[in-house]
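Here are some exercises to work through at your own pace. Try each task by eye or with a script before you read its solution.

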Amino acid sequence: GSIAIDSELLEAAGILPNERVDVWNITNGARLTTYALAGEPGSGQIMLNGAAARHAHVGDRVIIAAFCDVDADEALEHEPTVVLMNEDNTIKDVIKG
């Protein structure tokens with residue numbers, strides 16, 4: 001399975017197509033690791049595909065997390081990006097650092 005994410009959301013979060021992501025379902029507690037696919041821009045689409053789709057239902061709230069490996073010196077300077085969403089999957093806020 002994979003997760004298709006509106007390409008505008010991918011860009012705002014700094015997630016690349018085919019990048020490994022974790023999906024944490026707040027609604028039912030399911031957790032999975034998969035890869036991101038670029039969905040239709042402006043659609044607000046967040047859709048699990050294949051076997052991954054068995055871990056969520058339409059309307060479930062999820063957290064999508066991507067990680068990077070950095071050495072200790074870089075870790076001191078690294079600033080994560082957090083994208084907060086509205087109920088309709090539009091961007092509410094982008095927090096960098």
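The exercises below go from the sheet to its pairings, then to rings, backbone angles and surface.

This is a predicted model, in which local features need pLDDT of at least 70, side-chain atom pairs count only at pLDDT 80 or more, and totals for chains, interfaces and linings use all residues. Residues are numbered from 1 along each chain as its sequence is written, and side-chain values use heavy atoms, with hydrogens and water left out.

**Exercise 1. The sheet**

Find the strand order of the open sheet of 5 strands, and name its edge strands.

Step 1. Set the terms: strands (E, at least two residues) and helices (H or I, at least four) are DSSP runs, numbered from the N terminus. Two strands pair if DSSP finds at least two bridges between them.

Step 2. Follow the pairings across the sheet: the order is 4-1-3-2-5, and the pairing is mixed.

Step 3. Look for strands that pair on one side only: these are strand 4 (46–49) and strand 5.

Step 4. Add the twist, which averages 35° from one strand to the next. The angles here run from 0 to 180 degrees between N-to-C directions, with axes as lines fitted to C-alpha atoms.

**Exercise 2. Strand 1 and its neighbours**

Work out in which sense strand 1 pairs with strand 3 and with strand 4, and how buried strand 1 is.

Step 1. Strand 1 (residues 2–6) runs parallel to strand 3 (residues 31–39), with 4 bridges between them. On this side, alanine 4 has leucine 37 as its bridge partner, and aspartate 6 is opposite glycine 39.

Step 2. With strand 4, strand 1 pairs in the antiparallel sense, again over 4 bridges. Here isoleucine 5 is partnered by isoleucine 46.

Step 3. Check the cover: 5 of the 5 residues of strand 1 are buried. Buried means under 20% relative accessible area, exposed means over 50%, and partly exposed lies in between (1.4 Å probe, protein chains only).

**Exercise 3. The hairpin**

Describe how strand 2 joins strand 3, and which residue in the turn has a positive phi.

Step 1. Strand 2 and strand 3 run antiparallel and are joined by 5 bridges. One of the facing pairs sets arginine 20 opposite tyrosine 35.

Step 2. The two strands form a hairpin with 5 residues between them, and in its turn glycine 29 has a positive phi of about 85°.

**Exercise 4. The aromatic pair**

Locate the 1 aromatic pair of the structure and classify its geometry.

Step 1. Apply the rule: rings of Phe, Tyr and Trp (its six-membered ring) pair if their centres lie within 6.5 Å; planes under 30 degrees apart count as stacked, over 60 as edge-to-face and the rest as tilted.

Step 2. The rings of tryptophan 24 and phenylalanine 67 have centres 6.4 Å apart and planes at 55°, so this pair is tilted.

Step 3. Place the partners: tryptophan 24 belongs to strand 2 (residues 20–25), while phenylalanine 67 sits in the loop between strand 5 (62–65) and helix 2 (72–77), so the pair ties together parts 43 residues apart in sequence.

Step 4. Compare their exposure: tryptophan 24 is partly exposed at 23% relative accessible area, whereas phenylalanine 67 is exposed at 58%.

**Exercise 5. Two asparagines**

Determine where asparagine 18 and asparagine 89 lie, and what their phi angles are.

Step 1. Recall the background: most residues other than glycine have a negative phi.

Step 2. Asparagine 18, in the loop between helix 1 (7–13) and strand 2, has a positive phi of about 75°. Its relative accessibility of 55% makes asparagine 18 exposed.

Step 3. Asparagine 89, in the loop between strand 6 (81–85) and strand 7 (91–96), has a positive phi of about 65°. At 26%, asparagine 89 is partly exposed.

**Exercise 6. Glycine 50**

Find the loop that holds glycine 50, and its C-alpha separation from asparagine 89.

Step 1. Glycine 50 is in the loop between strand 4 and strand 5, and is exposed at 57% relative accessibility.

Step 2. The C-alpha atoms of glycine 50 and asparagine 89 are separated by 21 Å, and the two residues are 39 apart along the chain.
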